[in-house]
Amino acid sequence: MRILVTGGAGFIGSNFIHYWLKTHPGDQVINFDNLTYAGHQESLQDVEGNPNYKFIKGDITDFTIVKNVMSGIDTVVHFAAESHVDRSIIDPLQFVRTNVLGTATLLNAALEAKVKRFHHVSTDEVYGELGSNDPPFTENTPYSPRTPYSASKAGSDHLVRAYFETYGLPVTITNCANNYGPYHDPEKLIPRFITNLLEGQKVPLMGKGENIREWLHVQDHAEAIDLVLQKGKIGETYLIQGEEKTNMEITQMILRILEMGGSMIEYVGHRLGHDFRYAINGDKLKALGWVRKHNIKDELPKIVEWYKQNEWWWKSLKSGRPNIDRSVQQSYEPKH
Ligand code: NAD
Ligand code: TYD
């Protein structure tokens, strides 16, 4: 099988490619990525010599190149996106361009190329925020995105569904919880906090750390996508559940692993429109046979160790970047 992975140089895409080459060694994997600030070919340097792996640099909004790349492809797994909420607050149009127009461009080319499956990777954030006592999201929860990032991902999900309903393109969608794992860009909560502490800097925790996310190991995410490709029903959406934790719980776990105390926390203002809580009911995917194999309490020490051992991967990423915190944060009392 020839599988086209978009955004394969990013965090989840690169882990997915490692997973796929290992578990499906007979398949050809084409990684299509335009190497934005979030794309790192270094994350795949160990597979560069694999004859079944090929990298093509290009933009998913460029129909000419997308059409060429799509030719002869059996399955598309679409990760490419702008993915950081804080950046979406500063530059929403870039998110609309990549996440909405880019997805539409890929869908058009996939239809022309008659691919056998277009799998779209999305997020639980499209459903908006939950209060403390609200039931978790299900596949039937109405969309209610509240950030430019989640709104642009919601737009992409709707387009994928429309190409199924209107043109019969064989699609599946997964909406996943927050991922953690190796090769995670140090702009996001877990890798930012680990690498700050490794450099002796404090960690900027928004509010009182009361916001809640679900966390899933990136390997479990890859297995879930693989299962949906094999057993998922065409046209359907599957939510991928993680483990609920407050940001303070995550912060304290990391501090404990590194044998540091609460004095390393710097309390900062919430980001604008900060979603309070995400939580997922994963029963539909579990009915296909998916089981989460990792838990964050056992895995986080390994992730900290990975960042300790792989400074070559993250040090330069951190040093060259402007700090965008001030532009996206405000101080206000949380409403929950
Ligand atoms: P990431 O930001 O680490 O990687 C995105 C990749 O897409 C990068 O390699 C980048 O170069 C590439 N890219 C961006 N714009 C492109 C364009 N115009 N053309 C081609 N390539 C382009 O993102 P991630 O965290 O790996 O997330 C991957 C996907 O999973 C995204 O669609 C995201 O919405 C979704 N998702 C992420 C999480 C999470 O916790 N990170 C959770 C649920 C869903
Ligand atoms: P993030 O990793 O950006 O993922 P998302 O916003 O897509 O869930 O943030 C996770 C949570 O951590 C979110 O509630 C915001 C918070 N956070 C901080 O408190 N400090 C930080 O420096 C970052 C990056 C996030």
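## Salt bridges and their surroundings in a predicted model

Arg146 has a relative accessible area of 35%, so this residue counts as partly exposed. That's one end of a pair worth looking at in this model, which is predicted. The other end is Asp275, and the two form a salt bridge with their closest N and O atoms 2.4 Å apart. The pair links distant parts of the chain: Asp275 sits in the loop between S13 and helix H9 (283-286), while Arg146 belongs to the loop between strand S5 (117-123) and helix H5 (148-167), and 129 residues separate them. Unlike its partner, Asp275 is buried, at 2% relative accessibility.

### The whole chain

Let's step back for a moment. The protein chain has twelve helices and 14 strands. Its radius of gyration is 19 Å, close to the 20 Å that the globule rule gives for 336 residues, so the chain is as compact as a globular protein of that length. The C-alpha trace spans about 55 × 45 × 40 Å along its principal axes.

How much of the chain is buried? Of the 336 residues, 58% are. As for contacts with a separation of 6 or more, 84% of them come from residues 24 or more positions apart. The accessible surface comes to about 14,100 Å², and carbon and sulfur atoms hold 50% of that.

On the charge side, the chain carries 36 positive and 41 negative charges, and the mean positions of the two sets are 1 Å apart.

### The salt bridges

How many salt bridges does a search of the whole structure find? There are 16. Here are three of them, with the N to O distance for each pair.

| Pair | Closest N and O atoms |
|---|---|
| Arg271 and Asp86 | 2.6 Å |
| Asp275 and Arg146 | 2.4 Å |
| Lys188 and Glu187 | 3.8 Å |

Take Arg271 and Asp86, which form a salt bridge at 2.6 Å. Arg271 lies in strand S13 (residues 270-271) and Asp86 in helix H3 (residues 85-90), so the pair ties together parts that are 185 residues apart in sequence. Are these two buried or exposed? Both Arg271 and Asp86 are buried.

The Lys188 and Glu187 pair, at 3.8 Å from N to O, is likewise made of buried residues. These two don't stand alone, as Arg87 joins Glu187 and Lys188 in a network of salt bridges.

### Around Arg192

Glu187 turns up again among the contacts of Arg192. Arg192 lies in helix H6 (residues 189-198), and its relative accessible area of 18% makes it buried. Leaving aside residues up to four places away in sequence, what does Arg192 touch? Its contacts are Pro186, Glu187, Pro204, Lys318, Asn323 and Asp325.

### Around Lys284

Now for helix H9, where Lys284 is found. With 25% relative accessibility, Lys284 counts as partly exposed. Not counting residues up to four places away in sequence, Lys284 touches Glu139, Glu236, Thr237 and Tyr238. There's also Leu239 to consider: Lys284 and Leu239 are 45 residues apart in sequence, yet their C-alpha atoms are 7.3 Å apart in space.

How values were computed
Residues numbered from 1 in each chain as written. Chains lettered and ligands numbered in written order. Predicted model: local features only at pLDDT ≥ 70, side-chain atom pairs only at ≥ 80, totals over all residues. Heavy atoms only, no water. Helix = DSSP H or I, 4+ residues; strand = E, 2+ residues; numbered from the N terminus. Rg over C-alpha atoms; globule rule 2.2 N^0.38 Å. Buried < 20%, exposed > 50% of the residue type's maximum accessible area, 1.4 Å probe, protein only. Contact = heavy atoms within 4.5 Å. Areas by Shrake-Rupley, 256 points an atom, 1.4 Å probe, with all protein chains shown as cover. Lys, Arg positive; Asp, Glu negative; His and termini not counted. Charge placed at Lys NZ, Arg CZ, Asp CG, Glu CD. Salt bridge = Lys/Arg side-chain N within 4 Å of Asp/Glu carboxyl O.
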